[in-house]
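Reader: Got a minute to go through a structure with me? I'd like to talk about what packs where and which charges pair up.

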Amino acid sequence: AGLFLALEVAADGDDAASNLLDESRAQRLAGARTVVKRLAALDALTDAMPRTDAVDLAWLATDPVLFDRFVRIRGWSVAKFEAWLARTLTGQLMLTGQQIKP
């Protein structure tokens, strides 16, 4: 997370850093799309929000800044952060109370 924050600062004045930051964000977005697509394929994706919003939520959840803020700054343990993130994403993205096919 610290390295990512440094990259964000460097990106303001350095084209190579800016390109690397853009690439990193694009890779995270592709990963988020993959997660949401898989949940949809499993009939596990909630219909409570548009799919584009679900992708955005999954993208934000993988932002290293979240980890940095909760763990380094607020003093959460890694286990507490992981549990919170899992509960949050499950609650927001997945159907609840229904059988999910494997």
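Reader: Which helices do the buried residues of helix 2 pack against?

Author: They pack against helix 1, helix 3, helix 4 and helix 5, the last being residues 78-93. Keep in mind that this is a predicted model.

Reader: OK, and which residues of helix 2 are buried?

Author: Ala17, Leu21, Ser24, Arg28, Ala32, Val36, Leu39 and Ala40 are buried there.

Reader: How many residues does helix 2 have, and how far does it reach?

Author: Helix 2 has 27 residues and spans 39 Å from first C-alpha to last. That is close to the 39 Å expected at 1.5 Å a residue.

Reader: What happens just after helix 2?

Author: Asp43 sits just after helix 2 and takes a positive phi of about 55°.

Reader: Switching to the greasy stuff. Which residues make up the largest nonpolar core?

Author: That core has 12 residues: Ala32, Val36, Leu39, Ala40, Leu42, Ala44, Leu45, Met49, Ala54, Val55, Ala58 and Leu93. Helix 2 and helix 3 are the elements that give two or more residues to this core. Helix 2 gives the most, with 4 residues.

Reader: Where else is there a core?

Author: Apart from the largest one lies another core, of 7 residues, with Leu5, Ala11, Leu21 and Val65 among them.

Reader: Back to Ala40 for a sec. What does Ala40 touch, not counting residues up to four places away in sequence?

Author: With those set aside, Ala40 touches Leu45 and Arg51.

Reader: Now the charges. How many salt bridges are there?

Author: The count comes to 4 salt bridges. Side chains of opposite charge can pair when their charged atoms come close.

Reader: Which residue does Arg25 form a salt bridge with?

Author: Arg25 pairs with Glu8, and their closest N and O atoms are 3.0 Å apart. The pair links distant parts of the chain, with Arg25 in helix 2 (residues 15-41) and Glu8 in helix 1 (residues 2-11), 17 residues apart.

Reader: Why does Arg25 count as partly exposed?

Author: Arg25 counts as partly exposed because its relative accessible area is 31%, between the 20% and 50% cut-offs. Glu8 is also partly exposed, at 25% relative accessibility.

Reader: What about Asp63 and Arg28, buried or exposed?

Author: Both of those are buried. Their side chains meet in a salt bridge, 3.7 Å from N to O. Asp63 lies in the loop between helix 3 (51-61) and helix 4 (64-73) and Arg28 in helix 2, so the pair ties together parts that are 35 residues apart in sequence.

Reader: Why is Asp63 called buried?

Author: Asp63 is called buried because its relative accessible area is 14%, and buried means under 20%. Leaving aside neighbours within four places in sequence, Asp63 is in contact with Phe4 and Arg28.

Reader: Which residues are linked in a network of salt bridges?

Author: Asp68, Arg69 and Arg72 are linked that way. The side chains of Arg69 and Asp68 meet at 3.0 Å, N to O. Arg69 is partly exposed at 38% relative accessibility, whereas Asp68 is buried at 4%.

Reader: Last one, Gln27. Buried or exposed?

Author: Gln27 counts as exposed, at 52% relative accessibility. Its place is in helix 2. The C-alpha atoms of Gln27 and Val55 are separated by 13 Å, with their positions 28 residues apart along the chain.

Key:
Residues numbered from 1 in each chain as written. Predicted model: local features only at pLDDT ≥ 70, side-chain atom pairs only at ≥ 80, totals over all residues. Heavy atoms only, no water. Buried < 20%, exposed > 50% of the residue type's maximum accessible area, 1.4 Å probe, protein only. Core = buried A, V, L, I, M, F, W, Y, C linked by side-chain atoms within 4.5 Å. Contact = heavy atoms within 4.5 Å. Expected span 1.5 Å × (residues − 1).
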